[in-house]
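Please walk me through this structure, starting with the chain as a whole and then going through its strands, its main pocket and a few single residues.

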Amino acid sequence: MSLWKRPEKDDETKLTQAIPAGWRIADLGLLGKGGMSRVYRVRDEQLDREVALKVLRPELLGEPLALEQFVEEAKITAQLDHPNVPPVYALAAEKKKTTCFTMKVLEGITLAQMLERPRTDGQSPLMAALEVMVRVCDAVAYAHSRGIIHCDLKPQNVMVGAHGQIYVVDWGLARRMRDLPDESQAGESSSGTPAYMAPEQARGQNHALDQRTDIFALGGMLYRILVGRPPYVGPTAEATLELAKKAQVVSPEQYARPGQTVPRRLVAICLRALAAEPDQRYPSVPDFKSDLLDFIRGTARLPEKRFQAGEAIVKEGEAGDCAYVILDGHCQANRVVAGKTQMLRLLGPGEMFGEAAVLTGSPRLATVTALMDTTVAVVDKVYLQEEMERTSLIALAIRAVASSFLDLNGQTAALLQEQTVWKAVDLALRELALSGKPAALGARMVPWSPLLARLTEKTGLDQELVAQRIAKQPGLKIDLAADTLTLSP
């Protein structure tokens, strides 16, 4: 096929750039465009398949620096043989004739578009976006292993296919770490998207760029997922760039929509990635990804606490704002029933306790004591609620079970106490029958204070409760003045 001639008037909807000699392709229309290039869907007639053809904008064809950067993008992308990076098929770099390359056609929408659309498949929008982020991390981590940093990560540069395909695209600003300037080579300007840009990148400190520059952008993408906006939003691109230079990131919780709960652990992950100082960010993309996966899977590095043998971890009747998971050691759960301490069960590694008080707001049901030196993971109330909010149906079921358990527990405790009270009444009647002295009209009488002391000692009940119940019993009368208990015939 002969070289195409470029018409005088540029029509971006049609492929007007000259085609390399020997390439047999047919223009099928514009797929997309950016600041430096356009992408067209074309048919490769030699292989009978559709591919994407990327070309420079016409006004940049005569600029050597733009041509060099364009070719470098093709070479870098071609070297990233990864499932989440679109493959490059062919490159033509004839400066005086044509410069273009072909790559896989990507069907779908960008992550930015996905975040704007309501979910219709029942999946949580947050969890769906986080799963995309994990795949993005895979691509970026692979690029870093090849000595390449992307330098322009943002939701618009992630393609999401209808069948689970995820691609990190637009490697036009990618840098080879081996080719970065040293600190003495000043004068380079910043390049990238200011809304997601790390401070060293915004300031043009290109000698300081490394993997953590991309980690900052990943944190910016997570920020966008959480609250619907990037870390920096200014009235103009210049104003946004100034915000990026200052690196003053506002916590995403401040931009939460009314009624929206932003998971604290994701906020912590996000803000660590967005730290102004590179040393305070995640050291590598796999570390960032690991914390995302912990959140998705419902696991986390919970704070730990150590208790010595004999030390009470929770006490019956106290308010509960956290639960515990035993990591190492053993504990014993006891509770006071009708004035007596009863052992409920022994607890070992992997078992949780204290969650009922957290879920229902009721006091602790038992005292849990360490039988030996024991290490526990502390599950605070917010964390427990966030985990339950992943699936509202399960959360509802758990709360229903906890409430039913508390109701049954309360009924059981009341029944046990009632039985013990009746035991006190029975003991009083026995005392009157066996040791009581005769009184007027066939009644029997015993000293009240010594009897009350014996009853409370045997039953463990409060003296006032015992006295109230005996006073209500027909035929029994307490005379405080005479300090006697009398049984009428």
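The paragraphs below go from the whole chain to local features.

The model is predicted. Its chain has 13 helices and 22 strands. Of its 489 residues, 44% count as buried. Among contacts in the chain with a separation of 6 or more, 63% are between residues 24 or more positions apart.

The strands β1, β2 and β3 are a convenient place to begin. β1 and β2 run antiparallel and are joined by six bridges, one of the bridge partnerships being that of D27 with V42 in β2. The connection between β1 and β2 is a hairpin through three residues. On the next step along the chain, β2 pairs with β3, again in the antiparallel sense, over eight bridges. Here R41 stands opposite A52 in β3. The hairpin of β2 and β3 has four residues between the strands, and within this hairpin D48 takes a positive phi near 55°. β2 is largely enclosed by the rest of the structure, because seven of its eight residues are buried.

These strands also take part in the largest pocket, which holds about 810 Å³ of space. The pocket is lined by 32 residues, and the closest to its centre are K33, V39, K54, V169 and D170. At least two lining residues come from each of β1 (25–33), β2 (37–44), β3 (49–56) and α1 (64–79). The element that gives the most to the lining is α1, with four residues. Sorted by class, the lining has 13 nonpolar, 11 polar and eight charged residues.

V169 and D170 appear again in the surroundings of N157. This asparagine lies in the loop between β7 (148–149) and β8 (158–160). Is N157 buried or exposed? N157 counts as buried, because its relative accessibility is 6% and the cut-off for buried is under 20%. Beyond its neighbours within four places in sequence, N157 is in contact with H150, D152, Y167, V168, V169 and D170.

Further along the chain is an open sheet of four strands, in the order β11-β18-β13-β16 and with antiparallel pairing. β11 (304–307) and β16 (352–353) stand at its edges; each has a single partner strand, so one side of each is left without a neighbour in the sheet. In general, strands of a sheet pair through backbone hydrogen bonds, either parallel or antiparallel. For β11 the partner is β18 (residues 374–380), to which four bridges join it. One bridge partnership here is that of E304 with A377 in β18.

R306 also lies in strand β11. With a relative accessibility of 48%, R306 counts as partly exposed. R306 and T375 are 69 residues apart in sequence, yet the C-alpha to C-alpha separation in space is 4.5 Å. Not counting residues up to four places away in sequence, R306 touches D328, D373, T374 and T375.

Cysteines are the last point. How many disulfides does a search of the whole structure find? The search finds zero disulfides. Two cysteines can be placed by their accessibility: C151 is buried, with a relative accessible area of 6%, and C270 is buried too, with a relative accessible area of 0%.

Methods:
Residues are numbered from 1 along each chain as its sequence is written. This is a predicted model: local features need pLDDT of at least 70, side-chain atom pairs count only at pLDDT 80 or more; totals for chains, interfaces and linings use all residues. Side-chain values use heavy atoms; hydrogens and water are left out. Two strands pair if DSSP finds at least two bridges between them. A disulfide is a pair of cysteine sulfur atoms within 2.5 Å. Buried means under 20% relative accessible area, exposed over 50%, partly exposed in between (1.4 Å probe, protein chains only). On a 1 Å grid over the protein atoms alone, a cavity is a set of points where a 1.4 Å probe fits but cannot get out, and a pocket is an open set with protein on both sides within 12 Å along at least five of seven lines; lining residues have an atom within 4 Å of a point. Grid points are joined across faces, edges and corners, and a volume is the space filled by probe spheres set on the points. Ala, Val, Leu, Ile, Met, Phe, Trp, Tyr, Cys and Pro count as nonpolar, Asp, Glu, Lys and Arg as charged, and the others, Gly among them, as polar. Contact means heavy atoms within 4.5 Å.
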